[in-house]
Amino acid sequence: MSGWINQVFCEDALTGLARIPDGSVDLILTDPPYNLGKDYGNASDRQSVDAYLAWTEQWIDAALPKLKPNGSLYIFLTWRFSPEIFVMLKKRMAMMNEIIWDRRVPSMGGSVRSFSSVHDTIGFFVNRKDYYFDLDAVRIPYDAATKKARSRSIFVGAKWLEVGYNPKDLWSVSRLHREHPERADHPTQKPLEIIERMVKASCPPGGVVLDPFMGSGTTALAARRCGRNFVGFELNSEYCAIIDSRLAGPAPEPVRKAAKRKAASPLATANQE
Ligand SMILES: C[S@@+](CC[C@H](N)C(=O)[O-])C[C@H]1O[C@@H](n2cnc3c(N)ncnc32)[C@H](O)[C@@H]1O
(Lines give C-alpha, C1' and ligand atoms only; values in the text may rest on other atoms or scores of the structure.)
Protein backbone atom coordinates (compact mmCIF):
# COMPACT_ATOMS: atom_id res chain seq x y z
CA MET A 1 0.00 0.00 0.00
CA SER A 2 1.28 3.47 -0.66
CA GLY A 3 1.35 7.08 0.55
CA TRP A 4 -2.26 7.40 1.70
CA ILE A 5 -2.37 4.54 4.18
CA ASN A 6 -2.35 5.19 7.95
CA GLN A 7 -2.56 8.93 7.36
CA VAL A 8 -5.02 11.56 8.48
CA PHE A 9 -4.83 14.48 6.06
CA CYS A 10 -5.62 17.90 7.43
CA GLU A 11 -7.82 18.92 4.51
CA ASP A 12 -11.34 18.95 3.12
CA ALA A 13 -12.56 15.39 2.66
CA LEU A 14 -14.25 16.30 -0.60
CA THR A 15 -10.91 17.03 -2.25
CA GLY A 16 -8.83 14.60 -0.18
CA LEU A 17 -10.86 11.53 -1.11
CA ALA A 18 -9.28 11.68 -4.56
CA ARG A 19 -6.02 10.47 -2.95
CA ILE A 20 -7.56 7.05 -2.25
CA PRO A 21 -7.78 4.49 -5.05
CA ASP A 22 -11.27 3.18 -5.80
CA GLY A 23 -12.14 -0.21 -4.31
CA SER A 24 -9.39 -0.07 -1.69
CA VAL A 25 -11.09 0.24 1.72
CA ASP A 26 -12.95 -2.40 3.70
CA LEU A 27 -15.02 -0.12 5.89
CA ILE A 28 -16.24 3.47 5.89
CA LEU A 29 -16.93 4.44 9.49
CA THR A 30 -17.92 8.02 9.88
CA ASP A 31 -19.44 10.59 12.16
CA PRO A 32 -20.09 13.60 9.92
CA PRO A 33 -21.31 16.99 11.13
CA TYR A 34 -24.99 16.54 12.18
CA ASN A 35 -25.92 20.14 11.22
CA LEU A 36 -26.96 20.94 14.77
CA GLY A 37 -24.89 24.13 14.99
CA LYS A 38 -21.81 22.73 16.78
CA ASP A 39 -18.69 24.86 16.62
CA TYR A 40 -15.95 22.87 14.89
CA GLY A 41 -14.07 26.06 13.99
CA ASN A 42 -15.71 25.92 10.55
CA ALA A 43 -19.21 26.29 9.10
CA SER A 44 -19.74 22.57 8.44
CA ASP A 45 -22.40 22.16 11.14
CA ARG A 46 -24.34 25.34 10.38
CA GLN A 47 -25.71 24.96 6.87
CA SER A 48 -29.19 25.46 5.48
CA VAL A 49 -31.09 22.16 5.33
CA ASP A 50 -30.89 22.05 1.52
CA ALA A 51 -27.18 22.85 1.48
CA TYR A 52 -26.47 20.27 4.19
CA LEU A 53 -28.31 17.49 2.39
CA ALA A 54 -26.72 18.38 -0.96
CA TRP A 55 -23.27 18.41 0.66
CA THR A 56 -24.00 15.05 2.34
CA GLU A 57 -24.95 13.52 -1.00
CA GLN A 58 -21.76 14.94 -2.51
CA TRP A 59 -19.40 13.38 0.05
CA ILE A 60 -21.31 10.08 0.01
CA ASP A 61 -20.86 9.88 -3.75
CA ALA A 62 -17.18 10.72 -3.41
CA ALA A 63 -16.61 8.17 -0.61
CA LEU A 64 -18.59 5.08 -1.71
CA PRO A 65 -16.44 4.23 -4.76
CA LYS A 66 -13.50 3.80 -2.34
CA LEU A 67 -15.20 0.75 -0.77
CA LYS A 68 -14.36 -2.81 -1.80
CA PRO A 69 -17.30 -4.75 -3.26
CA ASN A 70 -17.74 -6.65 0.06
CA GLY A 71 -17.31 -3.48 2.14
CA SER A 72 -19.60 -1.84 4.69
CA LEU A 73 -20.46 1.58 6.05
CA TYR A 74 -21.47 2.87 9.49
CA ILE A 75 -22.74 6.43 9.80
CA PHE A 76 -23.55 8.29 13.03
CA LEU A 77 -26.54 10.63 12.79
CA THR A 78 -29.39 11.92 14.91
CA TRP A 79 -33.14 11.74 14.38
CA ARG A 80 -33.07 15.15 12.72
CA PHE A 81 -31.54 14.09 9.42
CA SER A 82 -31.25 10.30 9.63
CA PRO A 83 -34.52 9.79 7.69
CA GLU A 84 -33.31 11.77 4.68
CA ILE A 85 -29.75 10.40 4.79
CA PHE A 86 -30.84 6.78 5.25
CA VAL A 87 -33.04 7.12 2.16
CA MET A 88 -30.07 8.53 0.25
CA LEU A 89 -27.92 5.56 1.30
CA LYS A 90 -30.65 2.98 0.69
CA LYS A 91 -30.60 4.01 -2.97
CA ARG A 92 -26.94 3.03 -3.11
CA MET A 93 -26.47 0.18 -0.58
CA ALA A 94 -28.41 -2.39 1.47
CA MET A 95 -29.38 -1.28 4.97
CA MET A 96 -28.65 -3.94 7.62
CA ASN A 97 -29.35 -2.14 10.88
CA GLU A 98 -30.42 1.03 12.57
CA ILE A 99 -28.38 0.97 15.78
CA ILE A 100 -29.44 3.15 18.66
CA TRP A 101 -26.58 4.49 20.75
CA ASP A 102 -28.01 5.27 24.19
CA ARG A 103 -25.50 7.82 25.48
CA ARG A 104 -26.53 7.15 29.09
CA VAL A 105 -27.34 10.78 29.71
CA PRO A 106 -28.38 11.35 33.33
CA SER A 107 -31.83 12.82 33.99
CA MET A 108 -31.35 16.55 34.60
CA GLY A 109 -34.14 18.91 33.61
CA GLY A 110 -34.09 19.02 29.83
CA SER A 111 -36.78 20.00 27.36
CA VAL A 112 -40.25 20.96 28.60
CA ARG A 113 -42.02 20.87 25.19
CA SER A 114 -40.82 17.48 23.96
CA PHE A 115 -39.00 14.39 25.21
CA SER A 116 -35.28 14.88 25.78
CA SER A 117 -33.22 13.20 23.09
CA VAL A 118 -30.50 11.00 24.59
CA HIS A 119 -29.48 8.79 21.69
CA ASP A 120 -27.63 8.86 18.38
CA THR A 121 -28.88 6.91 15.38
CA ILE A 122 -26.30 4.80 13.55
CA GLY A 123 -26.92 3.31 10.11
CA PHE A 124 -25.14 0.09 9.10
CA PHE A 125 -25.06 -0.46 5.33
CA VAL A 126 -23.37 -3.05 3.09
CA ASN A 127 -22.48 -3.22 -0.57
CA ARG A 128 -23.67 -6.75 -1.29
CA LYS A 129 -24.67 -10.08 0.29
CA ASP A 130 -21.21 -11.51 0.95
CA TYR A 131 -20.10 -8.55 3.08
CA TYR A 132 -17.45 -9.17 5.74
CA PHE A 133 -18.97 -9.57 9.22
CA ASP A 134 -17.31 -11.26 12.22
CA LEU A 135 -19.91 -11.60 14.95
CA ASP A 136 -17.66 -13.77 17.12
CA ALA A 137 -15.20 -10.89 17.44
CA VAL A 138 -17.80 -8.72 19.18
CA ARG A 139 -19.96 -11.11 21.19
CA ILE A 140 -20.66 -10.01 24.75
CA PRO A 141 -19.92 -12.50 27.51
CA TYR A 142 -22.68 -13.60 29.82
CA ASP A 143 -21.97 -12.64 33.41
CA ALA A 144 -21.47 -15.27 36.09
CA ALA A 145 -24.99 -14.84 37.48
CA THR A 146 -26.61 -15.45 34.08
CA LYS A 147 -24.39 -18.45 33.43
CA LYS A 148 -25.33 -19.86 36.83
CA ALA A 149 -29.01 -19.26 36.20
CA ARG A 150 -28.66 -21.26 32.99
CA SER A 151 -26.76 -24.18 34.51
CA ARG A 152 -29.65 -26.67 34.23
CA SER A 153 -28.85 -29.77 32.21
CA ILE A 154 -30.55 -28.48 29.07
CA PHE A 155 -27.94 -25.71 28.89
CA VAL A 156 -24.88 -27.89 29.59
CA GLY A 157 -22.45 -27.71 26.68
CA ALA A 158 -24.42 -24.89 25.06
CA LYS A 159 -21.82 -23.14 22.93
CA TRP A 160 -23.71 -19.86 22.91
CA LEU A 161 -23.44 -19.64 26.69
CA GLU A 162 -19.66 -19.77 26.38
CA VAL A 163 -19.15 -17.58 23.33
CA GLY A 164 -21.43 -14.78 24.49
CA TYR A 165 -24.34 -13.06 22.83
CA ASN A 166 -24.97 -10.82 19.85
CA PRO A 167 -24.62 -7.15 20.94
CA LYS A 168 -28.02 -6.40 19.34
CA ASP A 169 -28.97 -2.98 18.01
CA LEU A 170 -29.31 -1.01 21.25
CA TRP A 171 -25.88 0.01 22.51
CA SER A 172 -25.84 1.56 25.93
CA VAL A 173 -22.42 3.14 26.43
CA SER A 174 -21.68 6.30 28.38
CA ARG A 175 -20.77 9.38 26.37
CA LEU A 176 -17.34 10.85 27.19
CA HIS A 177 -18.00 13.42 29.89
CA ARG A 178 -15.32 16.04 30.66
CA GLU A 179 -13.52 13.96 33.28
CA HIS A 180 -13.50 10.76 31.26
CA PRO A 181 -9.90 9.48 30.90
CA GLU A 182 -10.37 9.00 27.13
CA ARG A 183 -11.60 12.54 26.58
CA ALA A 184 -9.71 14.87 24.19
CA ASP A 185 -10.58 18.50 23.49
CA HIS A 186 -13.26 17.84 20.87
CA PRO A 187 -16.98 18.55 21.36
CA THR A 188 -18.35 15.35 19.82
CA GLN A 189 -15.68 12.74 20.43
CA LYS A 190 -17.03 9.17 20.30
CA PRO A 191 -16.10 6.38 22.75
CA LEU A 192 -13.49 3.89 21.55
CA GLU A 193 -15.68 1.04 22.81
CA ILE A 194 -18.30 1.72 20.15
CA ILE A 195 -15.91 2.40 17.29
CA GLU A 196 -13.81 -0.68 18.08
CA ARG A 197 -16.89 -2.88 18.00
CA MET A 198 -17.66 -1.67 14.46
CA VAL A 199 -14.05 -2.09 13.34
CA LYS A 200 -13.76 -5.62 14.71
CA ALA A 201 -17.09 -6.71 13.27
CA SER A 202 -16.80 -5.15 9.83
CA CYS A 203 -13.13 -4.80 8.85
CA PRO A 204 -10.88 -7.87 8.55
CA PRO A 205 -7.57 -7.83 10.46
CA GLY A 206 -5.04 -5.90 8.35
CA GLY A 207 -7.85 -4.22 6.39
CA VAL A 208 -8.44 -0.49 5.91
CA VAL A 209 -10.95 1.81 7.61
CA LEU A 210 -11.82 5.19 6.05
CA ASP A 211 -13.26 8.07 8.08
CA PRO A 212 -13.70 11.28 6.06
CA PHE A 213 -14.49 13.28 9.27
CA MET A 214 -11.90 12.27 11.86
CA GLY A 215 -12.55 14.91 14.55
CA SER A 216 -10.22 13.88 17.39
CA GLY A 217 -9.09 10.77 15.49
CA THR A 218 -11.09 8.11 17.34
CA THR A 219 -11.53 5.98 14.21
CA ALA A 220 -7.79 6.05 13.46
CA LEU A 221 -6.89 5.13 17.02
CA ALA A 222 -9.48 2.36 17.16
CA ALA A 223 -8.24 0.92 13.86
CA ARG A 224 -4.67 0.91 15.12
CA ARG A 225 -5.62 -0.69 18.46
CA CYS A 226 -7.46 -3.42 16.57
CA GLY A 227 -4.66 -4.18 14.10
CA ARG A 228 -6.34 -2.48 11.12
CA ASN A 229 -5.14 0.36 8.89
CA PHE A 230 -6.83 3.73 8.56
CA VAL A 231 -7.11 6.78 6.37
CA GLY A 232 -9.09 9.96 6.83
CA PHE A 233 -9.49 13.71 6.80
CA GLU A 234 -10.10 16.58 9.19
CA LEU A 235 -10.58 20.25 8.32
CA ASN A 236 -9.67 21.87 11.62
CA SER A 237 -5.90 22.11 12.20
CA GLU A 238 -6.32 22.13 16.00
CA TYR A 239 -8.14 18.80 15.81
CA CYS A 240 -5.42 17.52 13.47
CA ALA A 241 -2.89 18.27 16.23
CA ILE A 242 -5.05 16.29 18.70
CA ILE A 243 -5.13 13.39 16.25
CA ASP A 244 -1.33 13.48 15.94
CA SER A 245 -0.87 13.41 19.69
CA ARG A 246 -3.43 10.62 20.21
CA LEU A 247 -1.68 8.55 17.55
CA ALA A 248 1.78 9.37 18.89
CA GLY A 249 0.99 7.77 22.25
CA PRO A 250 2.34 4.32 23.00
CA ALA A 251 0.47 1.79 20.91
CA PRO A 252 -2.09 0.56 23.43
CA GLU A 253 -2.85 -3.11 23.80
CA PRO A 254 -5.53 -4.14 21.34
CA VAL A 255 -8.82 -4.57 23.15
CA ARG A 256 -9.38 -8.25 23.79
CA LYS A 257 -12.21 -9.98 22.03
CA ALA A 258 -15.40 -8.94 23.79
CA ALA A 259 -16.31 -12.55 24.49
CA LYS A 260 -13.12 -13.02 26.49
CA ARG A 261 -13.47 -9.96 28.72
CA LYS A 262 -13.72 -10.79 32.39
CA ALA A 263 -15.83 -7.94 33.66
CA ALA A 264 -19.14 -7.14 32.05
CA SER A 265 -19.11 -3.69 30.45
CA PRO A 266 -21.98 -1.25 31.15
CA LEU A 267 -23.17 -2.27 27.73
CA ALA A 268 -23.18 -5.89 28.72
CA THR A 269 -25.29 -5.28 31.78
CA ALA A 270 -27.75 -3.04 30.00
CA ASN A 271 -28.27 -5.37 27.06
CA GLN A 272 -28.10 -8.77 28.73
CA GLU A 273 -30.47 -11.21 27.14
C1 LIG B 1 -18.80 14.89 14.52
S2 LIG B 1 -17.15 15.35 14.35
C3 LIG B 1 -16.25 13.82 14.36
C4 LIG B 1 -15.88 13.39 15.76
C5 LIG B 1 -15.08 12.08 15.79
N6 LIG B 1 -15.90 10.95 15.47
C7 LIG B 1 -14.39 11.87 17.13
O8 LIG B 1 -14.62 10.83 17.79
O9 LIG B 1 -13.65 12.75 17.54
C10 LIG B 1 -17.08 15.87 12.67
C11 LIG B 1 -15.74 16.48 12.27
O12 LIG B 1 -15.77 16.71 10.84
C13 LIG B 1 -14.93 17.82 10.56
N14 LIG B 1 -15.27 18.31 9.21
C15 LIG B 1 -16.35 19.05 8.84
N16 LIG B 1 -16.36 19.25 7.51
C17 LIG B 1 -15.28 18.60 7.02
C18 LIG B 1 -14.77 18.39 5.70
N19 LIG B 1 -15.36 18.94 4.63
N20 LIG B 1 -13.64 17.66 5.56
C21 LIG B 1 -13.00 17.12 6.64
N22 LIG B 1 -13.45 17.28 7.91
C23 LIG B 1 -14.58 18.00 8.10
C24 LIG B 1 -15.26 18.79 11.69
O25 LIG B 1 -14.24 19.75 11.85
C26 LIG B 1 -15.43 17.82 12.89
O27 LIG B 1 -14.22 17.73 13.64
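The protein has nine helices and eight strands. Both kinds of element are DSSP runs numbered from the N terminus, with helices (H or I) needing at least four residues and strands (E) at least two. This is a predicted model, in which local features need pLDDT of at least 70 and side-chain atom pairs count only at pLDDT 80 or more, while totals for chains, interfaces and linings use all residues. Residues are numbered from 1 along each chain as its sequence is written.

**Burial and contacts overall**

Of the 273 residues in the protein, 36% are buried. Here a residue is buried if 20 or more other C-beta atoms lie within 10 Å of its own, exposed if 12 or fewer, and partly exposed in between, with C-beta atoms placed from the backbone. Contacts are counted when two such C-beta atoms lie within 7 Å. Among contacts with a separation of 6 or more, 75% join residues 24 or more positions apart.

**The nonpolar core**

The largest nonpolar core holds 51 residues. A core of this kind is a set of buried Ala, Val, Leu, Ile, Met, Phe, Trp, Tyr and Cys residues joined through C-beta atoms within 7 Å. The members that touch the most others are Val25, Ile28, Leu29, Val199, Val209 and Leu210. What does leucine 210 touch, not counting residues up to four places away in sequence? Its partners are Ile20, Val25, Ile28, Ala63, Lys66, Val231 and Gly232.

**Helix 6, a wrapped helix**

Helix 6 spans residues 192–202 and is largely enclosed by the rest of the structure, because ten of its eleven residues are buried. Those buried residues are Leu192, Ile194, Ile195, Glu196, Arg197, Met198, Val199, Lys200, Ala201 and Ser202. Their cover includes strand 2 (25–30), strand 3 (67–77), strand 4 (94–102), strand 6, strand 7 (208–211) and helix 7 (218–225).

**Two helices that cross**

Helix 2 (residues 49–63) and helix 3 (residues 82–90) have axes that come within 11 Å and cross at roughly 30°. The axes are lines fitted to C-alpha atoms over the stretch in contact, and angles run from 0 to 180 degrees between N-to-C directions. Leu53, Thr56, Glu57 and Ile60 of helix 2 meet Glu84, Ile85, Met88 and Leu89 of helix 3. An α-helix has 3.6 residues a turn, so residues three or four places apart point the same way. The residues of this contact divide into five nonpolar, one polar and two charged. In this grouping, Ala, Val, Leu, Ile, Met, Phe, Trp, Tyr, Cys and Pro count as nonpolar, Asp, Glu, Lys and Arg as charged, and the others, Gly among them, as polar.

**Three buried residues**

Isoleucine 85 lies in helix 3, phenylalanine 76 in strand 3 and threonine 219 in helix 7. The table pairs each of them with a residue elsewhere along the chain.

| Residue | Partner | Apart along the chain | C-alpha to C-alpha |
|---|---|---|---|
| Isoleucine 85 | leucine 53 | 32 residues | 7.6 Å |
| Phenylalanine 76 | aspartate 120 | 44 residues | 6.8 Å |
| Threonine 219 | aspartate 31 | 188 residues | 9.4 Å |

Why does threonine 219 count as buried? Threonine 219 is buried because it has 33 other C-beta atoms within 10 Å. Isoleucine 85 counts as buried with 21 C-beta neighbours inside 10 Å, and phenylalanine 76 is buried with 21 C-beta neighbours inside 10 Å.

Leaving aside neighbours up to four places away in sequence, threonine 219 touches Leu29, Ile195, Val209, Asp211, Met214, Phe230 and Gly232. On the same terms, phenylalanine 76 touches Asp31, Asp120, Ile122 and Lys190, and isoleucine 85 is in contact with Thr56 and Leu77.

**Around the ligand**

How many residues surround the ligand? The shell has 22 residues, and the closest are Ser44, Phe213, Gly215, Ser216 and Thr218. A residue is near the ligand if its C-beta atom, placed from the backbone, lies within 6 Å of it. By type, the shell divides into nine nonpolar, nine polar and four charged residues.

**Two positive phi angles**

Asparagine 6 has a phi near 55°, a positive value in a residue other than glycine. Asparagine 6 lies in the segment before strand 1 (7–9), and is partly exposed with 14 C-beta neighbours inside 10 Å. Lysine 168 is not a glycine either, and its phi is positive at about 60°. Lysine 168 sits in the loop between helix 5 (159–163) and strand 6 (170–172), partly exposed with 13 other C-beta atoms within 10 Å.
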